Amino acid sequence: MVVLLVLIGVMTHAQNTLQYYVDAAQANSPVINDNLNQADASKYESERLRALYLRPQVGISASYMFAPIISKDNGKVSFQPNAEVADRYFGYDLAASNGGTYQALLNLTQPLFNRKTFETANEQLYAAAEINRNNAKLSAHDIEKAVTDQYILCTQDRMQLDYVRSMHSLLKEQREVLEKLVEHGIYLRSDLTQLQIETQNMAAQQAGFMANYRRDLLDLNIMCGINDTAIVDILPPDLEVTQQATESNSFFLEKYRLDSMNLMAQQHSFELKYRPQVSFFANTGLNAVYAPTMANRFGLSAGITFNYNFFDGGQKKLNRNKIGVNLSSIEGYKKNFIDQNTVRKTKILNEMRSYDQRMVILEQQLEDYRTLLDSYRMQLVSGQLSVINYITTVKNMAAVQRDHALLFTQRQLLINAYNYWNW
């Protein structure tokens, strides 16, 4: 009893809803945030590709090479750090080294006719960003399903706690009545003892269900990333079956469309190397090979580069065949999902109909038990009812309330499962 009072004492009066926990879990999910960040990062990569394919590249290059020789011309041995000509010498061949090089250039390279190349390269980046955004949606949907399941489990604990608490209050009330009847000799002391034992049993069950509720509620907080250990009330969920999703508007099928789009973008990106590559280049600065005339070797140059790969062993066709096979696999996965999901949703709806029929029966039983207990209370006061019969009826009603709570939460779980797949 002390444990029960302690547990009840720490419960706050705040009432949280299912949406509160779903919103918190989605906001605190690192997986969702990571996917959204990856999608946002694609914007910067797109700008990088724009700079690579469309904008000029400007930079500075500089080099210095020192290639001296030891000359033996005219019968004299001499060290020449910057020879212009020599016939007999030791050192690098002057035709190869020119006695040294001196370069300090400002270079400009401008890709030409690359708009289509940029758009093709950006196509794959766009597909990757869309996949990341869709993964964020799928993660949010998965989180909503998991959090709702845990919330329903907490609801089940709370419903069990509530009906045991009501039974405990009922027995306590009848025990007070029975004490007076025992004093007047209408009932035996043993009858009061039996009622007292059952009251204590209900108190123990109440403590157990309270502990379960606390455990499952804290698990819910952990799942949602909520840094809170207070025990709060939760409002029971009221899930409804969502409108039947079709093949054309199912969010699950978006994954297969994006995977196909990504494969096509990969193919287009692979085939970029078969496009002609044309660039304009220009440079200006110092470009000399002989130090004494270096002051006269400042100038400029400009030109066009052209590259075109027209044969590589048929890789282009082989890559297209590979992409075609992968697209066929994606289509197979899509068809399999559609077939399985149709059967899965039908199965869940059939189970729900069975639960609905049982719920109607249990609700009628509970109403009958309430009527019966009202009658028994009057008979108990007049000494016309056996205490054992009264206790048995209370326990039987508690069992029906337990079954009703389990059916309610199981039905809510089925609705949650159906809504998850019907998305």
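# A tour of the model, starting at strand β3

Begin with Ile70, which lies in strand β3 (residues 69-71). Helices (H or I, at least four residues) and strands (E, at least two) are DSSP runs, numbered from the N terminus. This is a predicted model: local features need pLDDT of at least 70, side-chain atom pairs count only at pLDDT 80 or more, and totals for chains, interfaces and linings use all residues. Residues are numbered from 1 along each chain as its sequence is written, and side-chain values use heavy atoms, with hydrogens and water left out.

**Stop 1: the nonpolar patch**

Keep Ile70 selected. Its relative accessible area is 38%, so Ile70 is partly exposed; buried means under 20% relative accessible area, exposed over 50%, and partly exposed in between (1.4 Å probe, protein chains only).

Now add Tyr64, Phe66, Val77, Phe79 and Phe90, which together with Ile70 make a nonpolar surface patch of about 690 Å². Patches are made of residues with over 30% relative accessible area and no salt bridge; like charges are joined within 9 Å, and nonpolar side chains (Val, Leu, Ile, Met, Phe, Trp, Tyr) within 5 Å. Accessible areas come from the Shrake-Rupley method with a 1.4 Å probe, and for residues only the protein chains shown count as cover.

Within this patch, center on Tyr64, placed in strand β2 (residues 57-66). Tyr64 is exposed because its relative accessible area is 54%. Leaving out residues up to four places away in sequence, Tyr64 touches Thr101 and Tyr102, where contact means heavy atoms within 4.5 Å. For a distance across the model, select Lys145 as well: the C-alpha atoms of Tyr64 and Lys145 are separated by 68 Å, with the two residues 81 apart along the chain.

**Stop 2: two loop residues with positive phi**

Select Asn74, in the loop between β3 and β4 (78-80). Asn74 is not a glycine, yet has a positive phi of about 60°. At 78% relative accessibility, Asn74 is exposed.

Next select Phe113, in the loop between β6 (100-112) and α5. Phe113 also has a positive phi, about 55°, and is not a glycine. Its relative accessibility is 68%, so Phe113 counts as exposed.

**Stop 3: along helix α5**

Move to Asn132 in helix α5 (residues 115-183). Is Asn132 buried or exposed? It is buried, because its relative accessible area is 17%. Apart from neighbours within four places in sequence, Asn132 is in contact with Asn35, Gln38 and Ala39.

Further along the helix, select Arg158 and Asp162. These two form a salt bridge, with the closest N and O atoms 3.3 Å apart. A salt bridge is a side-chain nitrogen of Lys or Arg within 4 Å of a carboxyl oxygen of Asp or Glu. Both residues lie in helix α5, four residues apart, about one turn of the helix. Arg158 counts as buried at 12% relative accessibility, whereas Asp162 is partly exposed at 35%.

Then select Glu183, also in helix α5. Glu183 counts as exposed, with 63% relative accessibility. Add Glu173, Glu176 and Glu179 to show the negative surface patch that these residues form with Glu183. Lys and Arg count as positive and Asp and Glu as negative, while His and the chain ends are not counted. The place of a charge is taken as NZ of Lys, CZ of Arg, CG of Asp or CD of Glu.

**Stop 4: further salt bridges**

The count of salt bridges comes to 18. Select Arg411 and Asp356, whose side chains meet in one at 2.4 Å, N to O. This pair links distant parts of the chain: Arg411 is in helix α9 (residues 387-421) and Asp356 in helix α8 (residues 315-381), 55 residues apart. Arg411 is partly exposed, with a relative accessible area of 23%, and Asp356 is partly exposed at 30%.

Select Arg402 and Asp403 next. Their side chains meet in a salt bridge of 3.3 Å, N to O. Arg402 is partly exposed at 36% relative accessibility, as is Asp403 at 31%.

Finish with Glu47, Arg50 and Arg55, which are linked in a network of salt bridges.
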